[in-house]
Amino acid sequence: MVKVDALQAHLKSVTSGGAMLPLYIFSGDEPLLMMEAIDQLRSAAKKQNFTEREVLLQERGFDWSALFNAGQIMSLFGDKRWVELRIPTGKPGRDGADALKQFATQIASQSREPEGPDIVVCIILPRLDGKTKTAAWFSALDEVGMAIQIDSLDRGHLPQWIADRLKRQDQEVETGSEGQRALEFIADQVEGNLIAAHQELLKLGLLYPTGKLTDEQIRTSILKVARYNVFEVTEAMLAGDLARLNRMLDGLKGEGEPLVLILWSVTEELRILSKLKAASDAGESVQNLMRANRIWGNKERLYPAALRRIQPLKLRKAIQVAAGLDRQVKGLHAAELPGDPWDGLRLVGNLLR
């Protein structure tokens, strides 16, 4: 699989007269970034006269022969064709896996004329786990086409993303620390909801002229549209970011997220953290420990710093608080804890600073 940068380079080649590929596979769980990447590819295809579009949705009872037919039948009007296959679960099933492998063989056997294919197929998947990426059906597709992974945007990169988006509409924040605070403010308001973030930034473009935006303009215009993922709560705890943790807990509580699910996630993280802390203090390799415990993504960056920062005594106390919270959410008495279990989670975060 390649990152979106490779797609951008390919699209430049296509725009300069290069040929389209017969197959593209998109994988990701950020709707806005997925939509924009696919739209860019579709726009490049339209410029090469792929004007007839067919969309297939894989669901229960889906007839996989429709994919083979779509990949073979030419347009009645002689137009080039764009075919989309959406697999919402990312799990085609046994019959689907066999069909996709055959489809890859079909594409590979088709001659590639210098001017490119007459039919382009775009397969759209959610974010795939490591096991699916190594599945035979996906590997077969990846070999004959271009598989693009659209990564989610983590909180640390959000201010720069906002600045880049403002630049597209010829707007910018103040320079220096004041401008950085403005970007952080916007990021806090829109975190976890890029589609709404995109709309909020477009609103700034409609309300105010090009050039620099003042802090007052930003604070009076940007609505709080942030949405938080239950499993990102532990990232804020590992980072020791109490401000972000409090925003997340307030947001999740307001959205009615089950406290038991959040507590389960926090307890699992504390268990792994305790295990790694003991092994790390005994001189074992942190990197090897993280691989063995399947720690990837943002947490792979957060864990080493957390292991250095968190004191063993406070970690043990955090585990005790989590155990008390477990009793509390089950309706049992926990005298040593705040009356509201949500405040107990804040206490855990405070211990992990």
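The paragraphs below walk through this predicted model, from its overall build to a few chosen spots.

Let us start with the whole chain. The protein has 353 residues, of which 47% count as buried. Its secondary structure comprises 17 helices and eight strands. If you picture a box drawn along the principal axes, the C-alpha trace spans about 75 × 55 × 40 Å. Contacts across the sequence are also worth a look: among those with a separation of 6 or more, 77% join residues 24 or more positions apart.

Now to the helices and how they pack. Helix 16, residues 312-329, and helix 17, residues 341-351, have axes 9 Å apart and pack at an angle of about 170°. Because an angle over 145 degrees counts as roughly antiparallel, helix 16 is roughly antiparallel to helix 17. If you would like to find this contact on screen, helix 16 brings Lys314, Lys317, Ala318, Val321, Ala322, Leu325, Gln328 and Val329 to it, while helix 17 brings Pro341, Gly344, Leu345, Leu347, Val348 and Leu351. Sorted by class, the residues of this contact are 10 nonpolar, two polar and two charged.

Another pair of helices meets in another way. Helix 7 and helix 8 (residues 176-190) have their axes 9 Å apart, and they pack at an angle of about 105°. That angle makes helix 7 roughly perpendicular to helix 8. On the helix 7 side you will find Leu158, Pro159, Ile162 and Ala163, and they meet Gln180, Leu183, Glu184, Ile186, Ala187 and Val190 of helix 8. By class, this contact of helix 7 with helix 8 has eight nonpolar residues, one polar and one charged.

Staying in this part of the chain, turn to Arg155, which lies in the loop between strand 6 (146-150) and helix 7 (158-168). Is this arginine buried or exposed? With a relative accessible area of 15%, Arg155 is buried, because the cut-off for buried is under 20%. Setting aside neighbours within four places in sequence, Arg155 is in contact with Glu184, Ala187, Asp188, Glu191, Arg244 and Arg247. Two of these names, Glu184 and Ala187, appeared above in the contact of helix 8 with helix 7. As a further guide to the surroundings, the C-alpha atoms of Arg155 and Ala243 are 13 Å apart in space, and the two residues are 88 apart in sequence.

Further along the chain comes Gln171, found in strand 7 (residues 171-172). Gln171 counts as buried, at 3% relative accessibility. Beyond residues up to four places away in sequence, Gln171 touches Leu166, Leu204, Gly205, Tyr208, Pro209, Thr210, Gly211 and Leu213. One of these partners, Leu204, is 33 residues away along the chain, with 8.7 Å between the two C-alpha atoms.

The aromatic residues make a good next stop. The model has four aromatic pairs. Phe62 and Trp64 form one of them: their ring centres are 4.9 Å apart and their planes stand at 90°, so the pair is edge-to-face. Both Phe62 and Trp64 are buried. Phe231 and Trp264 also form an edge-to-face pair, with 6.4 Å from centre to centre and 90° between the planes. What does this second pair tie together? Phe231 sits in the loop between helix 10 (215-221) and helix 11 (233-239), and Trp264 sits in helix 13 (residues 259-281), so the pair links parts that are 33 residues apart in sequence. As for accessibility, Phe231 counts as partly exposed at 41%, and Trp264 counts as partly exposed at 48%.

One more ring deserves a glance. The charged end of Arg219 sits over the ring of Phe185, 4.2 Å from the ring centre.

Finally, have a look at two backbone details in loops. Asn49 is not a glycine, yet it has a positive phi of about 70°. You will find Asn49 in the loop between helix 2 (31-47) and strand 3 (50-57). Arg294, likewise not a glycine, has a positive phi of about 55°. The loop that holds Arg294 runs between helix 14 (286-292) and helix 15 (298-309). The relative accessible area of Arg294 is 61%, so this residue is exposed.

Conventions:
Residues numbered from 1 in each chain as written. Predicted model: local features only at pLDDT ≥ 70, side-chain atom pairs only at ≥ 80, totals over all residues. Heavy atoms only, no water. Phe/Tyr/Trp six-rings, centres within 6.5 Å; stacked < 30°, edge-to-face > 60°. Buried < 20%, exposed > 50% of the residue type's maximum accessible area, 1.4 Å probe, protein only. Helix = DSSP H or I, 4+ residues; strand = E, 2+ residues; numbered from the N terminus. Lys NZ or Arg CZ within 6 Å of the ring centre and 35° of its normal. Axes fitted to C-alpha atoms, helices over the stretch in contact; angles between N-to-C directions. Parallel < 35°, antiparallel > 145°, perpendicular 65-115°, else oblique. Contact = heavy atoms within 4.5 Å. Nonpolar A, V, L, I, M, F, W, Y, C, P; charged D, E, K, R; others polar.
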